[in-house]
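Biologist: I would like to learn how to read a model like this one. Please take me through it feature by feature.

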Amino acid sequence: MRLPAAILALVLAPAAAALAQPRGLTFAMLSGAWSGTGSVTLSSGNVERIRCRASYEVVPSGNAFQQKLRCTSDSYDFNLQASVVRTGADAVSGTWTEVTRNANGSISGRISGSSINANIQGPAFSASFGMTIQADRQTVSIRSQGAELSSISITLRRGAG
């Protein structure tokens, strides 16, 4: 079940940030603890609620971060780690690992204003990812075809219980 790890890994790749602190998002906006809820839609059409907690450590230069994410639903438990770096004026890339399933892959995307759109890749899947960050809120939407999970939607808030 590697797709859930990949999908949630995209939550790890949120944001846009700052080699030179350009306009729009910065990785510094992610620093700290976040939590929230959302839903997972299975390819069968079944929908489950999901609960997530994330923490972000941003490097002093502001051009990269390390993220840890743990999400649970009635059927799934994910423990993800990611490293994301700004690679250009509007580009991000990185890697992710789902610890409990020993799955990993890559992240690549583009920043536009307060949003990021990315692709995630793993050995047996791919997914598209969209995210918007506004102050203390992250909204994430992920879609994949031909996998057990067809979509996920999560809203995380900074420091929320």
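The dialogue below goes from the overall fold to single residues.

Modeller: Keep in mind throughout that this is a predicted model.

Biologist: How many helices and strands does the protein chain have?

Modeller: The count is one helix and ten strands. Along the sequence the order is α-β-β-β-β-β-β-β-β-β-β, with the helix ahead of the strands.

Biologist: What share of the residues is buried?

Modeller: Of the 161 residues in the protein chain, 47% are buried. The chain exposes about 7300 Å², and carbon and sulfur atoms supply 46% of that area. For contacts between residues at least 6 apart in sequence, 45% join residues at least 24 apart.

Biologist: How do I read strand pairing? Which strands pair with β1?

Modeller: A general point helps here: side chains in a regular strand alternate between the two faces of the sheet. In this model, β1 covers residues 32–42 and pairs with β2 in the antiparallel sense over ten bridges. Within that pairing, Ser 35 stands opposite Arg 53. β1 also pairs with β10, residues 149–158, again antiparallel, over nine bridges. There, Val 40 has Ile 152 as its bridge partner.

Biologist: What joins β1 to β2?

Modeller: The two strands form a hairpin with four residues between them. Gly 45 sits in the turn and has a positive phi of about 100 degrees.

Biologist: How many disulfides are there, and which cysteines form them?

Modeller: A search of the whole structure finds one. Its partners are Cys 52 and Cys 71, with sulfur atoms 2.1 Å apart. The torsion about the S-S bond is about 120 degrees, so the disulfide is right-handed. Cys 52 belongs to β2 (residues 47–58) and Cys 71 to β3 (residues 64–72), so the bond ties together parts that are 19 residues apart in sequence.

Biologist: Are these two cysteines buried or exposed?

Modeller: Both Cys 52 and Cys 71 are buried.

Biologist: How should I read the nonpolar core? Which residues touch the most other members?

Modeller: The general idea is that nonpolar side chains tend to be buried together in soluble globular proteins. Here the largest nonpolar core has 37 residues, and Ile 50, Cys 52 and Phe 129 touch the most other members. Strand β8 (residues 125–134) gives the largest share of this core, five residues. Cys 52 thus appears twice in our tour: in the disulfide and in the core.

Biologist: Now a polar residue. Where does Ser 73 lie, and what does its side chain contact?

Modeller: Ser 73 is in the loop between β3 and β4 (77–88). Its relative accessible area is 8%, under the 20% cut-off, so Ser 73 counts as buried. The side chain of Ser 73 makes a polar contact with the side chain of Glu 48, at 2.8 Å. A polar atom of the Ser 73 side chain also lies 3.2 Å from the backbone nitrogen of Ser 75. Leaving aside neighbours within four places in sequence, Ser 73 is in contact with Glu 48, Arg 49, Ile 50 and Arg 51.

Biologist: Which residues does Ser 151 touch?

Modeller: Not counting residues up to four places away in sequence, Ser 151 touches Ser 39, Val 40, Thr 41, Ile 142 and Arg 143. Ser 151 is placed in strand β10. With a relative accessible area of 13%, Ser 151 is buried.

Note on methods: Residues are numbered from 1 along each chain as its sequence is written. This is a predicted model: local features need pLDDT of at least 70, side-chain atom pairs count only at pLDDT 80 or more; totals for chains, interfaces and linings use all residues. Side-chain values use heavy atoms; hydrogens and water are left out. A disulfide is a pair of cysteine sulfur atoms within 2.5 Å. Buried means under 20% relative accessible area, exposed over 50%, partly exposed in between (1.4 Å probe, protein chains only). A polar contact is a pair of N or O atoms within 3.5 Å; within protein, one must be able to donate a hydrogen and the other to accept it, and residues adjacent in sequence count only if both atoms are side-chain atoms. Contact means heavy atoms within 4.5 Å. Two strands pair if DSSP finds at least two bridges between them. A nonpolar core is a set of buried Ala, Val, Leu, Ile, Met, Phe, Trp, Tyr and Cys residues joined through side-chain atoms within 4.5 Å. Accessible areas come from the Shrake-Rupley method with a 1.4 Å probe; for residues, only the protein chains shown count as cover.
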